[in-house]
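Me: Please take a close look at the aromatic side chains of this model, and at what surrounds them. I would like one connected account, with the distances and angles given wherever they can be stated.

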Amino acid sequence: MTAYRLTLALDAGAFAVPDDGRIAVFRPRADHDLSSLSKERVEIIQGFRPDHDAWTARGYDASAVAGQSDYALSIVMLPRAKAEARAVIAEAASRTKGALIVDGQKTDGIDSVWRDCRKRADVTGTFSKAHGKTFAINNPAGFDDWAAGPAEGPEGFVTAPGVFSAAKIDKGSRLLVEAMEECPLSGNVADLGAGWGYLSHHLAQHDGIKTLHLIEAEHAALECARRNVTDPRAEFHWADATRFQPSDPFDVVVTNPPFHTGRAGDPSLGRAFIAAAAKMLTPRGTLWMVANRHLPYEAELSDLFRNVEEIGGDTGFKVLKAALPKRSSRTKT
């Protein structure tokens, strides 16, 4: 497990843990180490479904959003996006009657957050280790101006801090929408990794669609999508797109798959989306997707679909259409 810095700090007595009361841990990834805390007292606040499910599988009480307003201790595992990091700290501070501990890597901006927190609160017990910091804020208050939630973003859509393309429309998604405008879609349709709903908003303009399923792992993004896609045909699923199992197969799957794990590029994520889509489709189903031009997805598509073609894009992106999933791809588990 990573982020053992928190465990070392707690074991060394750098921070006091109250003898009783609930302990909230905000945004811990699945590989974080919380072994120094009593599992029975911990509430995991994690809106990213794969991490949420990993904590639940270990026996922790996990929720997408915080469940109370008087935690004895709160711990924030710093997310990378600055606006989201500040918003999480503000929420934790408003819900904590004791101290607030913040842990993060230098690459996630912990040094900047530490300096900003010192300007407005009593910061103590700074513990530096493994290219990061852990510090405590006693009697956390005065962070209300950091609070942020869903708000109007690009082109009037509702977005939230930390979600993909919160500040502007993703160019790849726009290119995919333009390509699909030339071909009316129909039947049961899924938006895999729907984000805050840009693709689904435009999919809803196709009259032939019977149902529109938005499948998104990030709870905050899905809550924005509920406000951006109000079509009665829309159904919303807080789920890991690579593990989602529909009750009935889809006629069309549309996706702009992620390709980063943290800061590192990871094409395997896109390949996992492709494999998941192939299993979700009917024998005559079609996958529409967009990807950065340098990502090598054509081989995976050819392995899983009978027909694959590039139908749009520009110098930076390619829009791909794959039809007729092979029988083997639909029966794999």
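Reply: Tyr60 is buried in this predicted model, with a relative accessible area of 11%, and Trp55 is buried as well, at 1% relative accessibility. The rings of these two residues, Trp55 and Tyr60, have centres 5.1 Å apart and planes at 85°, and because planes over 60 degrees apart count as edge-to-face, the pair falls in that class. A second pair of this kind joins Trp196 and Tyr198, whose ring centres lie 6.0 Å apart with the planes at 70°, so that this pair, too, is edge-to-face. Trp196 has a relative accessible area of 3% and is therefore buried, and Tyr198, at 8%, is likewise counted as buried.

Trp196 and Tyr198 do not stand by themselves, since ring pairs link them with Phe157 into a cluster. The count of aromatic pairs comes to five.

Asn228 brings a helix into this picture: Asn228 is found in helix α7, which covers residues 219-228, and leaving aside residues up to four places away in sequence, Asn228 touches Phe157, Val158, Trp196 and His201. Two of the cluster members, Phe157 and Trp196, are thus among the contacts of Asn228. With a relative accessible area of 9%, Asn228 is itself buried, because the cut-off for that class is under 20%.

Helix α7 also holds a charged pair, for the side chains of Glu223 and Arg226 meet in a salt bridge with an N to O distance of 3.0 Å. Because Glu223 and Arg226 are three residues apart in helix α7, about one helical turn separates them. In contrast to the buried Asn228, Glu223 is partly exposed, with a relative accessible area of 32%, and Arg226 is partly exposed at 38%.

Charged side chains also meet aromatic rings directly. Arg49 lies over the face of Trp238, at 4.3 Å from the ring centre, while Lys133 takes up a place over the face of Trp114, at 5.1 Å from the ring centre.

Terms used:
Residues numbered from 1 in each chain as written. Predicted model: local features only at pLDDT ≥ 70, side-chain atom pairs only at ≥ 80, totals over all residues. Heavy atoms only, no water. Helix = DSSP H or I, 4+ residues; strand = E, 2+ residues; numbered from the N terminus. Buried < 20%, exposed > 50% of the residue type's maximum accessible area, 1.4 Å probe, protein only. Contact = heavy atoms within 4.5 Å. Phe/Tyr/Trp six-rings, centres within 6.5 Å; stacked < 30°, edge-to-face > 60°. Lys NZ or Arg CZ within 6 Å of the ring centre and 35° of its normal. Salt bridge = Lys/Arg side-chain N within 4 Å of Asp/Glu carboxyl O.
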